[in-house]
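Hello,

Here is the structure you asked to take over. Please open it first, then read the notes below.

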Amino acid sequence: MTPCPASAPETHPATGLREAALQALQLRDPPAKVAATHALWQRLTDLPDGGGPVLAAESARRLEAPPTGLPGRPDRPALVPPADVPHRTPFTPEGLAAQIHAIAHIEFNAINLALDAVWRFAGMPADYYRDWLRVAHEEATHHGLLAGLLASMGHAYGDFEAHDGLWTMCVRTQDDITARMALVPRTLEARGLDATPLIQRRLRQVATPHALRAVEILDIILRDEIGHVAVGNRWYGWLCEQQALDPVAHYRVLARRHAAPRPRPPLNEAARRAAGFSDAEMAALTAA
Ligand SMILES: [Fe+2]
Ligand SMILES: [Fe+2]
């Protein structure tokens with residue numbers, strides 16, 4: 001992969017917000033990507049009317065994928081197949097750091113996929129872009145919190161091997177925004193809603209100061225992730241309505257077409273309902 005810029009370029013005010021999202025996505029250095037993503041959200045919220053008119057004006061523009069390849073990411077962590085990521089117990093300091101690193105990696109990827117949702121898909125309402133810029137800003141906060149915790153443990157993001165499952169689904173759905181909304185936020189991120197309370201329970205058993213700090217950070221993440229899955233549900237529902245598609249039946253088609261992972265029980269029913277899953281969708285997920 002040809003190298004992307006390592007640090008945040010000064011974005012000229014003439015650079016569109018969606019174009020700036022693409023620039024942030026290309027950044028390789030995690031702190032630079034985090035800073036550029038926060039700056040982008042700040043720029044949006046400083047605009048009159050929350051940036052709605054500017055986003056509406058930018059919506060129609062189709063942006064070209066850069067020849068450098070996406071996303072920009074650092075040389076480390078090394079990416080390996082999911083089955084090759086070693087499972088470590090969090091009851092040792094090294095194992096705990098590895099577990100926190102795995103979540104920091106998910107959050108780094110989550111910044112990338114939120115930014116990708118902004119630049120890649122033209123023709124959506126202004127609120128769509130605003131929602132995803134907010135998601136990117138929150139993912140950058142999550143990654144920053146976990147990177148800080150890793151630093152306090154004598155580690156850094158990049159120290160352990162990681163896998164690329166989240167971005168793989170981004171690539172599979174790059175030509176179909178309905179599939180992207182169905183399978184990234186409301187399938188992969190929704191699995192995080194189910195998994196987080198289980199991880200927290202384990203970390204409470206570990207009960208070291210670092211493990212308990214991780215539990216606190218995961219409280220913030222779980223709260224925000226309900227909102228991210230809700231963004232996915234909002235726009236998946238909107239897109240289905242525009243195309244006169246039945247959301248439950250079409251989800252089955254998309255999940256099969258793109259080999260989406262199934263939810264792992266137990267489902268976090270309260271969080272999923274708070275994120276807007278309907279009775280019919282919950283029944284279909286439980287049956288799956
Ligand atoms: Fe997150
Ligand atoms: Fe998220």
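Start at Met 181. Outside its neighbours within four places in sequence, Met 181 is in contact with Ala 117, Tyr 128, Trp 132, Arg 186, Gly 232, Trp 235, Tyr 236 and Leu 239. Keep in mind throughout that this is a predicted model.

**The cores**

Met 181 belongs to the largest nonpolar core, a set of 53 residues. Leu 115, Tyr 128, Trp 132, Met 181 and Leu 183 have the most contacts inside this core. Many helices feed it. At least two residues each come from helix 1 (17-26), helix 2 (30-46), helix 4 (93-120), helix 5, helix 6 (165-172), helix 7 (177-206), helix 8 and helix 9 (247-257). Which helix gives the most to this core? Helix 5 does, with 8 residues. There is also a second, separate core. That one has 21 residues, including Phe 108, Leu 146, Tyr 157 and Leu 203. As a general point, nonpolar side chains in soluble globular proteins tend to be buried together.

**The iron ions**

Next, look at the metal sites. Which residues are the protein donors of the iron ion (ligand 1)? They are Glu 107 (OE), Glu 139 (OE), His 142 (ND1) and Glu 225 (OE). These donors lie 2.0 to 2.3 Å from the ion. The site of ligand 1 is irregular, with angles of 89 to 159 degrees among its 4 donor atoms. Along the sequence, the donor residues of ligand 1 follow the spacing E-x31-E-x2-H-x82-E.

Two of these donors share a helix. Glu 139 and His 142 both sit in helix 5, 3 residues apart, or about one turn of the helix. His 142 has 0% relative accessibility, so it counts as buried.

Now the iron ion (ligand 2). Its coordination comes from Glu 139 (OE), Glu 189 (OE), Glu 225 (OE), Glu 225 (OE) and His 228 (ND1), at 1.9 to 2.6 Å. Note that Glu 225 (OE) appears twice in that list. The donor residues of ligand 2 are spaced E-x49-E-x35-E-x2-H in sequence.

Where do the two sites meet? Glu 139 bridges the iron ion (ligand 1) and the iron ion (ligand 2), which lie 3.6 Å apart. Distant parts of the chain are linked here as well: Glu 139 is in helix 5 (residues 126-152) and His 228 is in helix 8 (residues 209-242), 89 residues apart. Is Glu 139 buried or exposed? Glu 139 is buried, because its relative accessible area is 0%. His 228 also counts as buried, at 0% relative accessibility.

**Salt bridges**

How many salt bridges are there? The count comes to 16. In general, side chains of opposite charge can pair when their charged atoms come close. Three pairs are worth opening.

- Asp 75 and Arg 28 form a salt bridge, with the closest N and O atoms 2.5 Å apart. Asp 75 lies in the loop between helix 3 (52-58) and helix 4, and Arg 28 in the loop between helix 1 and helix 2, so the pair ties together parts 47 residues apart in sequence. Asp 75 is exposed, at 67% relative accessibility. Arg 28 is buried, with a relative accessible area of 19%. The cut-off for buried is under 20%.
- Arg 134 and Glu 138 meet through their side chains in a salt bridge of 3.5 Å, N to O. They are 4 residues apart in helix 5, so about one helical turn separates them. Arg 134 is partly exposed, with a relative accessible area of 25%. Glu 138 counts as buried, at 17% relative accessibility.
- Glu 216 and Arg 213 form a salt bridge whose closest N and O atoms are 2.9 Å apart. Both lie in helix 8, 3 residues apart, about one turn of the helix. Both are partly exposed: the relative accessible area is 45% for Glu 216 and 33% for Arg 213.

One of these pairs is part of something wider. Arg 134 and Glu 138 are linked with Asp 127, Asp 131 and Arg 234 in a network of salt bridges.

Over to you.

Best wishes

Notes
Residues numbered from 1 in each chain as written. Chains lettered and ligands numbered in written order. Predicted model: local features only at pLDDT ≥ 70, side-chain atom pairs only at ≥ 80, totals over all residues. Heavy atoms only, no water. Donors = N, O, S within 2.8 Å, 3.2 Å for Na, K, Ca; no water. Buried < 20%, exposed > 50% of the residue type's maximum accessible area, 1.4 Å probe, protein only. Core = buried A, V, L, I, M, F, W, Y, C linked by side-chain atoms within 4.5 Å. Contact = heavy atoms within 4.5 Å. Tetrahedral: all angles 85-135°; square planar, octahedral: opposite > 155°, others 65-115°. Salt bridge = Lys/Arg side-chain N within 4 Å of Asp/Glu carboxyl O.
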